[in-house]
Amino acid sequence: MNIPFVDLKSQYNEIKQEIDSAISEVISNTAFIGGKYARQFEESFAKYTGVKHCVGVGNGTDALFIALKTLGIGPGDEVITAANSFIATSEAISATGARVVFVDINPKLYTIDVTKIEEKITPKTKAIIPVHLYGQPADMDPILSIAKKHNLKVIGDAAQAHGALYKGKKIAQCADMTCYSFYPGKNLGAYGDAGAIVTDNDTWAENARKFANHGRAAKYNHEFEGVNSRMDGIQGAVLGVKLNYIEDWTEKRRRNAYLYNELLQGVVTTPVELDDVRAVYHLYVVKVEAAKREAFQAFLKENGIDTGIHYPIALPYLQAYDYLNHTESDFPVSLKTSQEIVSLPMCPQLNEEQIAYVAEIIKKF
Ligand SMILES: *Cc1c(COP(=O)(O)O)cnc(C)c1O
């Protein structure tokens, strides 16, 4: 049996007619950049995330960068984020001219360790970016109280967490601004690059929209220099169709995760959720012994099962961050975790039979 890591083709086949007609409508109306279809999606996505405004942008990395710029973060500032994430999170911080300050992760949840944030706060700290990694909500209550105490802004990186809930609230309701990626493989994926910033704050939403469109207030009236990072009409239309399915797909991801949990209990280290959250399983990540990981992945591959590692090198140890001169003892949990984690196939289209097969092969190993 061949089990791909994600199966975007069968997702497309489920909704092909709707997608094809949505795309051709955009083309007929030549609404290529921004425009009606991007706007319609922004309105629906704002509702979905439970906040007032959604600003569609070019991709998730830009969403983070624009959110930081909108909050006035730049050279001389420090921004705190988790040591385990995709580089886009820290890259967006550096792109503003601010300094990235990494915090180690919780050994069970793999999200930022909330007990290690305060020791990293200095007079230069302006914001915290918790990452809802793998679709697991970061522990927002302690993060928000630390932010309040030290007067910091909170920007959620929800690139992997569309639809996640934290203690009954939508995750976007737990931060000043929240950033999403609609990279094709994400839980809500476009057919190209796209991203969004959501917020309840009217001024920030307006300024983020201007920043993403060359600082433009009206045609040829530029209040400041921004960037060119707008959502394409085609992406808005595709996302608008897919948004109608996201709840169903999310429930299927969760069902798949719980089935994996059941079958893999005691075999590998299965994921743990915080109490009272809705994790949305962008990735289903297990841990195996570091020394056996390569063989584990190879054995699965021989049996037709694709796996991944998210991420093999924790951010502080990437060559890109050599200048921060971190040592192995700075982020022991992130370092150890990065050597043990393996992501198993996960998508809504994965069925029970396939999951049972993956579990059987793992037990054989
Ligand atoms: C995908 C991702 C991003 C960046 O999104 P792009 O749309 O690829 O620019 C940022 N943060 C995390 C955690 C991601 O997974």
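In this predicted model, Ile 73 is buried, with a relative accessibility of 4%. Ile 73 sits in the loop that joins helix H4 to strand S2 (78-82). Beyond residues up to four places away in sequence, Ile 73 touches Leu 68, Val 79, Thr 96, Ala 98, Lys 126 and Ala 127. One of these partners, Lys 126, lies 53 residues from Ile 73 along the chain. The C-alpha atoms of Ile 73 and Lys 126 are nevertheless separated by 7.1 Å.

Val 26 offers a second buried site, with a relative accessible area of 0%. Val 26 belongs to helix H2 (residues 16-28). Residues up to four places away in sequence aside, Val 26 touches Ala 31, Tyr 37, Gly 233, Ile 234 and Ala 237. Thr 122 is 96 residues from Val 26 along the chain. Between the C-alpha atoms of Val 26 and Thr 122 the separation is 49 Å.

Helix H4 also takes part in a helix pair. H4 spans residues 60-70, and its partner H7 spans residues 202-212. The two axes come within 9 Å. They cross at roughly 120°. An angle over 115 degrees, but not over 145, falls outside the perpendicular and antiparallel ranges, so H4 is oblique to H7. The crossing of H4 past H7 is right-handed. On the H4 side, the contact is made by Phe 65, Ile 66, Lys 69 and Thr 70. On the H7 side, Trp 204, Asn 207, Ala 208, Phe 211 and Ala 212 contribute. By class, the residues of this contact divide into 6 nonpolar, 2 polar and 1 charged.

Helix H7 also holds Lys 210. Is this lysine buried or exposed? Lys 210 has a relative accessible area of 12%. The cut-off for burial is under 20%, so Lys 210 counts as buried. Neighbours within four places in sequence aside, Lys 210 is in contact with Gly 215, Arg 216, Ala 217, Glu 223 and Phe 224.

A second helix pair joins H10 (residues 293-302) and H12 (residues 352-364). The axes of H10 and H12 come within 10 Å. Their crossing angle is roughly 130°. H10 is therefore oblique to H12. H10 passes H12 in a right-handed crossing. Phe 296, Phe 299 and Leu 300 are the H10 residues in the contact. They meet Ile 361, Ile 362 and Lys 364 of H12. This contact has 5 nonpolar residues, 1 charged residue and no polar residues.

The cysteines were examined for disulfides. A search of the whole structure finds 0. The sulfur of Cys 54 has its closest cysteine sulfur in Cys 179, at 11 Å. A disulfide needs the two sulfur atoms within 2.5 Å, so this distance is too far for a bond. Cys 179 is likewise in no disulfide, and the nearest cysteine sulfur to it is that of Cys 54. Cys 54 is buried, at 5% relative accessibility. Cys 179 is buried too, with a relative accessible area of 1%.

Technical notes
Residues are numbered from 1 along each chain as its sequence is written. This is a predicted model: local features need pLDDT of at least 70, side-chain atom pairs count only at pLDDT 80 or more; totals for chains, interfaces and linings use all residues. Side-chain values use heavy atoms; hydrogens and water are left out. Buried means under 20% relative accessible area, exposed over 50%, partly exposed in between (1.4 Å probe, protein chains only). Axes are lines fitted to C-alpha atoms, for helices over the stretch in contact, and angles run from 0 to 180 degrees between N-to-C directions. Helices (H or I, at least four residues) and strands (E, at least two) are DSSP runs, numbered from the N terminus. Angles under 35 degrees count as roughly parallel, over 145 as roughly antiparallel, 65 to 115 as roughly perpendicular and the rest as oblique. A crossing is left-handed if the near helix is turned anticlockwise from the far one by less than a right angle, and right-handed if clockwise. Contact means heavy atoms within 4.5 Å. Ala, Val, Leu, Ile, Met, Phe, Trp, Tyr, Cys and Pro count as nonpolar, Asp, Glu, Lys and Arg as charged, and the others, Gly among them, as polar.
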